[in-house]
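Q: Please take a close look at a single part of this model, and walk me through the contacts that hold it in its surroundings.

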Amino acid sequence: MTTQHPHSHNKNKHKIHSSTVGLYVRPFRPMTSDQNNIERTTWDASKTSINGLLNKATATNIRNIIPELLSENLIRGRGLFCIKSQMASPDLTQVFAEMVSVVNRFFPDIGLLLLKTIILKLRRAYERNDKPQLLDAFKFLAHLVNQQVAHEIIALELLVFLLENPSNDSIEDAVGFLKECGSLLSDVAPKALNIVFNSLRAILVEGELDKRVRFLIEDCFCLWRAKFQGADPHFTESEKRYEELKKQILGEEECKTEDVSNEESEEEEMLIEDETETNLINLRRLIYLTVMSSLNSEQAGHKLLQIKLDPGQEIEVSKMILQCCAQERTCVRDYGLLAQRLCMVKRVYRESFRSCFVEQYRSGHRLETNSLRNVAKFFGHLLGTDALSWDILGYVKLTEEDTNSSSRIFIKIIFQKLVEILGIYVLNERRSDPAMQDCFEDSIFPKDEQKNTRVSIKNFTCIGLGGLTENMRDYLKNGDKDYAGQRTKKMRRH
């Protein structure tokens, strides 16, 4: 019987490992199934087919290309649609836009994806100062607006952006964009387009521009006066070609039904506009563009006062100015100056901004902190300049039950703005005015109950305006003495 060495097992194990050091280990390779090969082959075939159809599309054969294109799986190949072909052949932008309009009718998600991709390319080209790609993206977007794939408000916002900080390049881009889609904008948004051309006129008069850019602006004005005739030389042919294409895709009966429904809709046009608030939306859009395209508050006020409003629509002007102020990163003084001018010129705006104050104070908890600060400074400016009467502060109830954190911030910012405008001495005089006591004592500086008085004193002391609470402190002292005297009399009677 032999005995095994205690370390003999470990030695054998070491020998086994050393014997496998020189072996070749085959690298791992994932197995590809037949299904993956089929999907890859199908994708390549679809990509080749879609690109081939887009590359051979022209104004003459688009009638035959679109049915073949719709037979492909565009949902799978939505990322291949039109972008590269348009960039390679910008002269055929109108043709590609027509193809997009047809596809967008059946697959709106593809149209939305294409529009987002164009805007992304436009932004990148603008940041990189890539002039060729930027012009191609502008042209494609303009024709998508003409085909009503993109909403006209996108075009108007783009023009406002280009003319906000005008330069020779941005004005040239804006003029080129207007030449492409100005005809449609003059039909669907004529007032907004007038504002754009007013901005161009101001830039032409006041801006320091190259002669070439000045000539471009003047040519654009001539085209505008001619109602953009000649912007689309093949407009009639394109409309006829699209009608024939629509009949092939939709069929004769559906097209006739659509025509009948269009006639009926024209008869009920006023009813539809009232139900969808189309006029109100257009008015808000006009107000927004007027404010944002103005150089200063005086120009904005002058333009707003020239807008013909129906009775009661002044409140929309006030709300839009307030919304513009709320969306800024910091409070812009021009909005307060604009509202001040409107209140001074027309009394109806005082009532409308008064209603806005009540609404904003009640719904202040819905605003973000930055927007709440902007709105409070806005109304503080109107109160400090006497554009609004101070009796609107009577709506504010500074008690624990009637306030929350948002409303207390609102009150704090208003009074800090008043101190900034008037100074603490003048503000204290206003606060002590006997004519305002009935308003203040029932709201911000209450004297109905000692608990409410203490809450008001605490709030104003915390924001560094304890000097406004001297009268309330005297009231508390006298009230405590009266209360102690009455209690002593009752005890003596007993």
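A: In this predicted model, R212 and E172 form a salt bridge whose closest N and O atoms are 3.3 Å apart. The pair links distant parts of the chain, since R212 belongs to helix 11 (residues 211–225) and E172 to helix 9, with their positions 40 residues apart in sequence. Neither of these two descriptions of exposure is extreme under the cut-offs used, where buried is under 20% relative accessible area and exposed is over 50%: R212 has a relative accessible area of 44% and is therefore partly exposed, and E172, at 24%, is partly exposed as well.

Helix 9 has another such link, this one to helix 7. The side chains of D173 and K131 meet in a salt bridge, with 3.0 Å from N to O. Because D173 lies in helix 9 and K131 in helix 7, this pair ties together parts that are 42 residues apart in sequence. The partners differ in their surroundings: D173 is buried, with a relative accessible area of 5%, whereas K131 is partly exposed, at 24% relative accessibility.

The packing of the two helices gives the setting for that pair. Two packed helices are described by the angle between their axes and the distance between the axes. For helix 7 (residues 131–146) and helix 9 (residues 168–188), the angle is about 25 degrees and the axes are 8 Å apart. Angles under 35 degrees count as roughly parallel, and so helix 7 is roughly parallel to helix 9. The crossing of helix 7 and helix 9 is right-handed.

On the side of helix 7, the residues that take part in the contact are K131, L134, L135, F138, K139, L141, A142, H143, V145 and N146, and they meet D169, E172, D173, F177, E180, C181 and L184 of helix 9. Sorted by class, the contact of helix 7 with helix 9 holds nine nonpolar, two polar and six charged residues. Among the residues listed for helix 9 are both E172 and D173; E172 has its salt bridge with R212, while D173 has its salt bridge with K131, itself one of the helix 7 residues in the contact.

For comparison, a further salt bridge and a further helix pair can be followed elsewhere in the chain. The side chains of D391 and R354 meet in a salt bridge, at 3.1 Å from N to O. D391 lies in the loop between helix 20 (369–384) and helix 21 (405–422) and R354 in helix 19 (residues 347–362), so this pair ties together parts that are 37 residues apart in sequence. D391 is partly exposed, with a relative accessible area of 34%.

Helix 19 also packs with helix 18 (residues 333–345), at an angle of about 130 degrees and with the axes 5 Å apart; helix 18 and helix 19 are therefore oblique to each other. In that contact A339, L342, C343, M344 and V345 of helix 18 meet R347, Y349, R350 and F353 of helix 19, and by class these residues divide into seven nonpolar, no polar and two charged.

As for the protein as a whole, the count comes to seven salt bridges, and the secondary structure to 25 helices and zero strands. Of its 494 residues, 38% count as buried. Among contacts with a separation of 6 or more, residues 24 or more positions apart account for 70%.

Key. Residues numbered from 1 in each chain as written. Predicted model: local features only at pLDDT ≥ 70, side-chain atom pairs only at ≥ 80, totals over all residues. Heavy atoms only, no water. Axes fitted to C-alpha atoms, helices over the stretch in contact; angles between N-to-C directions. Helix = DSSP H or I, 4+ residues; strand = E, 2+ residues; numbered from the N terminus. Parallel < 35°, antiparallel > 145°, perpendicular 65-115°, else oblique. Left-handed = near helix turned anticlockwise from the far one by under 90°. Contact = heavy atoms within 4.5 Å. Nonpolar A, V, L, I, M, F, W, Y, C, P; charged D, E, K, R; others polar. Salt bridge = Lys/Arg side-chain N within 4 Å of Asp/Glu carboxyl O. Buried < 20%, exposed > 50% of the residue type's maximum accessible area, 1.4 Å probe, protein only.
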